[in-house]
Amino acid sequence: MPIHEKSLIRPENLVTHDHLVIDGMDVSGHWSTFIEGRSITDYNENLQEEIAALPGGENIHRCWQCGSCTNACTVNAINPEFNPRYWIYLIRLGMEDELLRDKDIIWQCVSCNKCTYACPRDVAPEGVMKATAHWLELKGHTPKSPSTIFDEGFSAQVFQRGKIEDGLVLRNFLQDTGQPLRQPWLETMVLGLIRRFPVFYLIRLGLSTVFRPKTRGWGRARAAINEYVHEVEATNRKALGLDAKGAE
Amino acid sequence: MADGDYKKVAYYPGCALEGSGHAYNASTKAVGKELGLDLVEIENWNCCGAMEVKNIDPKIQTYLSARNLSITEEMGFDTVMAPCNGCYHNLKKAEYDLSHDDASVEVNDRLSKKAGHKTYEPGKVETIHALDWIKKAVGEDEIRRRVKNSLNGIKVANYYGCMYTRPRHIFPEKDKGPGSESTAKPHFMDDILAAAGAQNVDFPLKTACCGGAHSLSDSDTSTKLVLNILTTAEACGADVIATECPTCHTGLEMHQIRAEKVLGRKTNVKILYFTQLLGMALGLSPNRVAVQENFSDARPLLKEKGLA
């Protein structure tokens, strides 16, 4: 199946003149559109190395640009701007400024793994997308995405108690992202449930608020995981050269 | 690895089945009981890491999953059954990582020791999905013999989602020719429900993504993806979408409602766990397989088809 990727020529680089004569030749109008040349001097030569240092990005160097990932991509099908092949290309060349043009959508990868399934070079593009989104946040190019806020809230529950309670995950996420708890679609769902089996629903809601699900004897695992998480954070920051700035 | 008959296996329900996927838990247990299969829940299990912890660090996810495998082994089982696609996927991935990636082995060993339990070593426990369990422990012939209330006349679109087949390398037993599951065109659920009398429609989006990972964090994308699945199932003539994953199931139900509220696109296809359909075919009441807990109310349809 052919894929239609976006043009690398942007509208602002296209120039047409209503009246222009060069060396006696009339080059006015649309038929002689000029493409403005550009030279790139601001390469970040460490970009590939930095992405590769974050979890998921390890295999980016293996890519040979076949485009199978973009062809298979779930998100690309609904937003052609979402283009894993192109981003891997930019990262490998060190074209950071170009990559930053798409910084606000890279986190939208839904982890369906179609790219990783299709990739003939074991790049694991899904991991590269996560590493890139992580890199953008660590470098301060983007705020924490809703996805990261969700992941962190969810993981905090797992690390704390060994298990999650999905009602609490939902409430915390809406709170952490400043969304009202009363979403119209959510109300419809809850009302539908209460109408059909009020007693069961209320009992379950009540129980889960009082007795949060947890794994017995989780304390030592919690301590071990928390210690490791701090180490990973420090390693990631060091790999991106962030500690020198003394941030956090 | 076990080549056992899967009649008695360890059971790993996972967090979702104790919460939003309660109906899947209830129907899986009910079907198991009806078919004379034994499920022994893993003692003191923990979350497998779902689709979130790996984004903090994949090795923690490997550890979380390996801890459950370690307990399974301690309990004397060589097979664990996980009905949730996410759990199934993560246990499989832990198995793969621990046999292929030294760094994962090291972190798992370190965390296991600090947490005070045995370090899981790959090859000790086989992880299977509820589909493998029904298909291999019982099989289509036996299901056909036991059907009391055929699903005759119900048109089903079988929806497997992402985590059951992708990425291929963590499922070494798949794509092994006749009798094995296919990662490109999975068919275990089709086989089981066909044996229960359902008429499977030719559904091209069996392994499409519902956007489950971003169900809440990027709802508009998920709603578009789900709407595509729902409308395609309807265009294929399906009355019901059969699911085998609590995240997919909840995602389809939630975004079916959201698509109607936000995009004004109403769809009528009903969403049921395959274990609910199978249970009713085996003669269990809709209440027993917790049909009343589903958001998409299938009871009028079931009544019309003589199942309720």
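# Exercises on a predicted two-chain model

**Exercise 1.** Check the length of helix H6 (residues 102-115) of chain B against 1.5 Å a residue.

*Solution.* Helices are DSSP runs of H or I with at least four residues, strands are runs of E with at least two, and both are numbered from the N terminus. The expected span is 1.5 Å times one less than the number of residues. The 14 residues of H6(B) should therefore span 20 Å. The end C-alpha atoms are 20 Å apart, which agrees.

The model is predicted: local features need pLDDT of at least 70, side-chain atom pairs count only at pLDDT 80 or more, and totals for chains, interfaces and linings use all residues. Residues are numbered from 1 along each chain as its sequence is written, while chains are lettered from A and ligands numbered from 1 in the order in which they are written.

**Exercise 2.** Find the buried residues of H6(B) and state what they pack against.

*Solution.* Buried means 20 or more other C-beta atoms within 10 Å of a residue's own; exposed means 12 or fewer, partly exposed in between, with C-beta atoms placed from the backbone. In H6(B) the buried residues are B:Ser104, B:Val105, B:Val107, B:Asn108, B:Leu111 and B:Ala115. Contact requires C-beta atoms, placed from the backbone, within 7 Å. The partners are helix H12 (219-239) of chain A and, in chain B, helix H4 (58-74) and helix H5 (85-100). Next after H6(B) comes B:Gly116, with a positive phi near 85°.

**Exercise 3.** Give the strand order of the open sheet with 4 strands in chain B, then place helix H12 (residues 274-281) of chain B.

*Solution.* Strands pair if DSSP finds at least two bridges between them. The order is S6-S5-S7-S8, with parallel pairing. Strand S6 (199-200) and strand S8 (270-273) are the edges, each pairing on one side only. Strand S7 (residues 240-243) of chain B joins S8(B) over 4 bridges. There, B:Ile241 stands opposite B:Ile271. H12 of chain B packs on this sheet and touches S7 and S8. Its direction makes about 80° with that of S8(B). Axes are lines fitted to C-alpha atoms, for helices over the stretch in contact; angles run from 0 to 180 degrees between N-to-C directions.

**Exercise 4.** Buried or exposed: classify A:Gln65 and A:Asn113.

*Solution.* Neither is a glycine, yet phi is positive: about 65° at A:Gln65, about 70° at A:Asn113. A:Gln65 has 12 C-beta neighbours inside 10 Å, so A:Gln65 counts as exposed. A:Asn113 has 26 other C-beta atoms within 10 Å, so A:Asn113 is buried.

Definitions and conventions: Two residues are in contact if their C-beta atoms, placed from the backbone, lie within 7 Å.
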